[in-house]
Amino acid sequence: MITLTVDDTEGMEALGARLAPLLRAGDLVLLNGELGAGKTTLTRGLGAALGARGAVTSPTFVLAREHPTASGVPLVHVDAYRLVTARELDDLDLDYDHAIVVVEWGAGKVDGGSDSWLSIDIRRRAGDAARDDLSGDDLSGDDLAGDDPRDVTITGTGPRGLELEASLQAAE
Ligand SMILES: Nc1ncnc2c1ncn2[C@@H]1O[C@H](COP(=O)(O)OP(=O)(O)OP(=O)(O)O)[C@@H](O)[C@H]1O
Ligand SMILES: [Mg+2]
């Protein structure tokens with residue numbers, strides 16, 4: 001398990017970019033964390049580093065979006081927020097073998113699709129919400145930009161997941 005603090009939006013994009021050179025076709029990355037945690041931000045940094053074509057955004061009306069990349073291995077970006085069961089994700093028939101697959105809200109929903117994955121959990125600090133409340137009527141530009149540190153936990157599952165976790169640790 002890797003734990004780290006990511007100070008701001010650029011740092012979260014940089015984490016995605018650090019992951020990019022380690023990933024290959026067949027790899028699965030699950031991003032977990034509340035609304036606005038930074039899952040898409042990390043994916044955007046990952047996509048940029050992979051040379052992905054098309055904007056990496058939260059896919060609101062589509063469940064999955066496939067981006068061609070510079071290496072030829074596509075990046076498949078899934079938003080499983082509205083999916084309730086593993087079965088529903090299964091029904092998307094994602095091509096796990098030929099793509100790098102990143103699933104937002106994937107925890108507990110990918111069983112059966114793969115035996116290995118890297119989980120990245122992103123958490124806002126409890127104290128930050130309270131501080132936001134206190135700063136209520138004198139919001140500065142920085143508050144509006146909303147850069148706050150995130151606690152990030154990275155855990156590999158299965159042989160390839162553990163290998164990815166080790167490579168990421170070595171790359172720190
Ligand atoms: N340390 C940080 N890491 C990541 N994002 C941050 C950080 N600080 C502030 N932010 C801001 O928080 C927001 C994160 O939004 P993002 O769309 O990435 O979240 P999400 O987890 O994908 O949410 P959703 O579940 O709605 O898809 C962005 O506006 C980003 O600029
Ligand atoms: Mg998102």
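Which polar side-chain atom lies 3.2 Å from an oxygen atom of ligand 1? In this predicted model, that atom belongs to Trp-105. Two further polar approaches to the ligand accompany the one from Trp-105. Lys-39 places a polar side-chain atom 2.7 Å from an oxygen atom of ligand 1, while Val-6 takes part through its backbone, with an N or O atom 3.2 Å from a nitrogen atom of the ligand. On its own, ligand 1 has 650 Å² of accessible area, and the protein covers 80% of this.

The surroundings of the ligand can be described a little further. Ligand 1 is surrounded by 20 residues, of which Thr-9, Lys-39, Thr-40, Thr-41 and Asp-148 are the closest. Sorted by class, this shell holds eight charged, seven polar and five nonpolar residues. Two helices, α1 (9-19) and α2 (39-50), supply at least two shell residues each. The largest share, three residues, is that of α2.

Asp-148, one of the closest residues to ligand 1, deserves a look of its own. This residue sits in the loop that runs between α5 (141-145) and β7. Is Asp-148 buried or exposed? Asp-148 counts as buried because its relative accessibility is 6%, and the cut-off for burial is under 20%. The side chain of Asp-148 also makes a polar contact, at 3.0 Å, with the side chain of Arg-124.

Stepping back to the whole chain, the protein contains seven strands and six helices. Along the sequence, these follow one another in the pattern β-α-β-α-β-β-α-β-β-α-α-β-α. The protein has 172 residues, and 43% of them count as buried. Its accessible surface amounts to about 8,700 Å², with 52% belonging to carbon and sulfur atoms. Contacts that span long stretches of sequence are well represented: among those between residues at least 6 apart, 70% join residues at least 24 apart.

What lies in the interior? In soluble globular proteins, nonpolar side chains tend to be buried together. Here, the largest nonpolar core has 25 residues, and those touching the most other members are Leu-15, Leu-19, Leu-46, Ile-120, Val-152 and Ile-154. Both helices and strands contribute to this core: β1 (2-6), α1, β2 (28-32), α2, β5 (100-104), β6 (117-124), β7 (150-157) and α6 (158-170) each provide at least two residues. Another core, of 14 residues, lies apart from the largest one and includes Leu-28, Leu-30, Leu-94 and Trp-117.

Ile-154 offers a closer view of the 25-residue core. With neighbours within four places in sequence left aside, Ile-154 is in contact with Met-1, Ile-2, Leu-4, Leu-15, Leu-118, Ser-119, Ile-120, Glu-165 and Leu-168. Two of these partners, Leu-15 and Ile-120, are themselves listed with Ile-154 among the core residues that touch the most other members.

A last site to visit is Ala-25, located in the loop between α1 and β2. Ala-25 counts as partly exposed because its relative accessible area is 33%, which falls between the limits of 20% and 50%. Which residues is Ala-25 in contact with, leaving aside its neighbours within four places in sequence? The partners are Val-73, Tyr-96, Asp-97, His-98, Ala-99 and Ile-100. Leu-75 is 50 residues away from Ala-25 along the chain, yet the C-alpha atoms of the two are separated by 8.9 Å.

Note on methods: Residues numbered from 1 in each chain as written. Chains lettered and ligands numbered in written order. Heavy atoms only, no water. Near = heavy atom within 4 Å. Polar contact = N/O pair within 3.5 Å; in protein donor to acceptor, adjacent residues only side chain to side chain. Areas by Shrake-Rupley, 256 points an atom, 1.4 Å probe, with all protein chains shown as cover. Helix = DSSP H or I, 4+ residues; strand = E, 2+ residues; numbered from the N terminus. Nonpolar A, V, L, I, M, F, W, Y, C, P; charged D, E, K, R; others polar. Core = buried A, V, L, I, M, F, W, Y, C linked by side-chain atoms within 4.5 Å. Buried < 20%, exposed > 50% of the residue type's maximum accessible area, 1.4 Å probe, protein only. Contact = heavy atoms within 4.5 Å.
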